[in-house]
Amino acid sequence: PNALSNAFIQGFESLPIFSRIGFLKGIADYIPRPNWRISWDGLEKYYPFISFAKKVSLDHAYVSSYTEGWNITPDGITQKQSQRIEYGFAPFLGLNFTFADLWGGNIISSVKYSTKTNYDLGITTKAIIETFSSEIGITAGFSKSGFELPLFGLFLKNDIEFSFSYTSSKNTSVNYDMSNYVDGGSPQDGTIRTSIEPRVKYTLSSKVTLSIFYTRSSTQPDGPSRIPPQTTNEAGLDVHISIQ
């Protein structure tokens with residue numbers, strides 16, 4: 001078990017040089033794994049964004065972590081039960097747009113693509129489960145303040161907002177039996193989930209808000225998954241009244 005545990009850490013170690021330096025060997029497991037985040041504003045000054053956008057920003061982030069599960073026996077012996085290595089891009093690439101004014105309102109949108117991978121080692125089962133997920137999300141919205149709507153002969157100035165969101169995610173898992181290793185492992189469950197939601201929000205005043213929405217969600221099996229296809233449609237009207 002110790003050999004498998006050590007091989008699991010060393011095989012995925014992003015900076016193995018730490019464990020080779022004498023005075024760092026004892027604390028190499030506790031040295032933080034690399035994480036970073038990059039945000040870049042002002043892209044609207046460059047081609048091709050300069051021709052149609054008022055503001056554009058870019059996001060990129062990498063996150064990683066290592067966790068262990070321990071068990072202490074009545075004799076005071078510490079035993080590793082599980083180990084997990086997790087890393088991913090959240091997002092790998094994200095673009096946020098604010099477009100030029102249209103009909104006296106603001107148009108914003110964003111596009112993001114993210115990925116995440118987990119490796120879970122079961123010490124007793126001698127198996128590694130690889131779980132991979134990816135997601136792409138698209139949102140767009142239009143909002144306008146001071147929108148006039150005649151109501152009971154009165155022209156009230158209110159706020160209106162149209163929004164649309166689309167999300168598609170893919171999840172797959174593979175089992176690697178380390179006692180009888182097979183290249184490529186054994187594919188397990190996999191799913192593809194898609195969600196679409198348009199929504200209209202109307203603010204009558206600071207105390208009354210109306211929202212009309214429609215949501216369509218679908219789940220499709222991927223690979224050897226036995227999950228049956230499923231589609232859900234939901235529509236509704238939300239009314240929020242604040243009473244003080």
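**Cores, strands and surface in a predicted model**

The largest nonpolar core in this predicted model has 7 residues: Leu43, Phe49, Ala53, Val56, Leu58, Leu95 and Phe97. Strands β2 and β3 each supply at least two residues of this core. The largest share, 3 residues, comes from β2.

Q: What makes Leu43, Phe49, Ala53, Val56, Leu58, Leu95 and Phe97 a nonpolar core?
A: A core is a set of buried nonpolar residues joined through side-chain atoms within 4.5 Å. These 7 residues form the largest such set. In soluble globular proteins, nonpolar side chains tend to be buried together.

Q: Which residues is Leu58 in contact with, leaving aside neighbours within four places in sequence?
A: Contact takes heavy atoms within 4.5 Å. For Leu58, the residues are Ile38, Ser39, Trp40, Leu43, Leu93, Gly94 and Leu95. Of these, Trp40 also stands opposite Leu58, which is in β2.

Q: What makes a second core separate, and which residues does it include?
A: Joining needs side-chain atoms within 4.5 Å. The second core is separate and has 6 residues, including Tyr119, Leu121, Ile123 and Val174.

Q: Why is strand β1 said to lie largely in the open?
A: A buried residue has under 20% relative accessible area. Strand β1 covers residues 36-41, and of its 6 residues the number buried is 0, so β1 lies largely in the open.

Q: How do you know that β1 pairs with strand β2?
A: Pairing takes at least two bridges. Here 6 bridges join β1 to β2 (residues 53-72), so the requirement is met. The two strands run antiparallel.

Q: What makes β3 and strand β4 a pair?
A: At least two bridges are needed. β3 and β4 (residues 106-122) have 14, in the antiparallel sense. The bridge partner of Arg84 is Asp120 in β4. The hairpin of β3 and β4 has 6 residues between the strands, and there Trp103 takes a positive phi near 55 degrees.

Q: Why is Ser134 called buried?
A: The cut-off is under 20%. Ser134 has a relative accessible area of 14%, so it counts as buried. Its place is in strand β5 (residues 127-151). Not counting residues up to four places away in sequence, Ser134 touches Tyr113, Ser114, Thr115, Ser168, Ser169 and Lys170.

Q: Why is Lys116 called partly exposed?
A: Buried means under 20% and exposed means over 50%. Lys116 sits in between at 38%, so it counts as partly exposed. Its place is in strand β4.

Q: Which residues is Lys116 in contact with, leaving aside neighbours within four places in sequence?
A: They are Glu86, Tyr87, Gly88, Thr131, Phe132 and Ser133. Tyr87 is 29 residues from Lys116 in sequence, yet their C-alpha atoms are 5.9 Å apart.

Q: Why does Ile241 count as exposed?
A: Exposed means over 50%. Ile241 has 58% relative accessibility, so it passes. Ile241 is found in strand β9.

Q: What makes Phe162, Val200, Ile212, Leu237, Val239, Ile241 and Ile243 a nonpolar patch?
A: Patch residues need over 30% relative accessible area, and nonpolar side chains are joined within 5 Å. These residues form such a patch on the surface, with about 700 Å² of accessible area together. The largest share, 3 residues, comes from strand β9 (residues 230-241).

Q: How many helices and strands does the protein have?
A: There is 1 helix and there are 9 strands. Buried residues make up 29% of the 244 residues.

Terms used: Residues numbered from 1 in each chain as written. Predicted model: local features only at pLDDT ≥ 70, side-chain atom pairs only at ≥ 80, totals over all residues. Heavy atoms only, no water. Buried < 20%, exposed > 50% of the residue type's maximum accessible area, 1.4 Å probe, protein only. Helix = DSSP H or I, 4+ residues; strand = E, 2+ residues; numbered from the N terminus. Patch = residues over 30% accessible without salt bridge, like charges linked within 9 Å, V, L, I, M, F, W, Y side chains within 5 Å. Areas by Shrake-Rupley, 256 points an atom, 1.4 Å probe, with all protein chains shown as cover. Salt bridge = Lys/Arg side-chain N within 4 Å of Asp/Glu carboxyl O.
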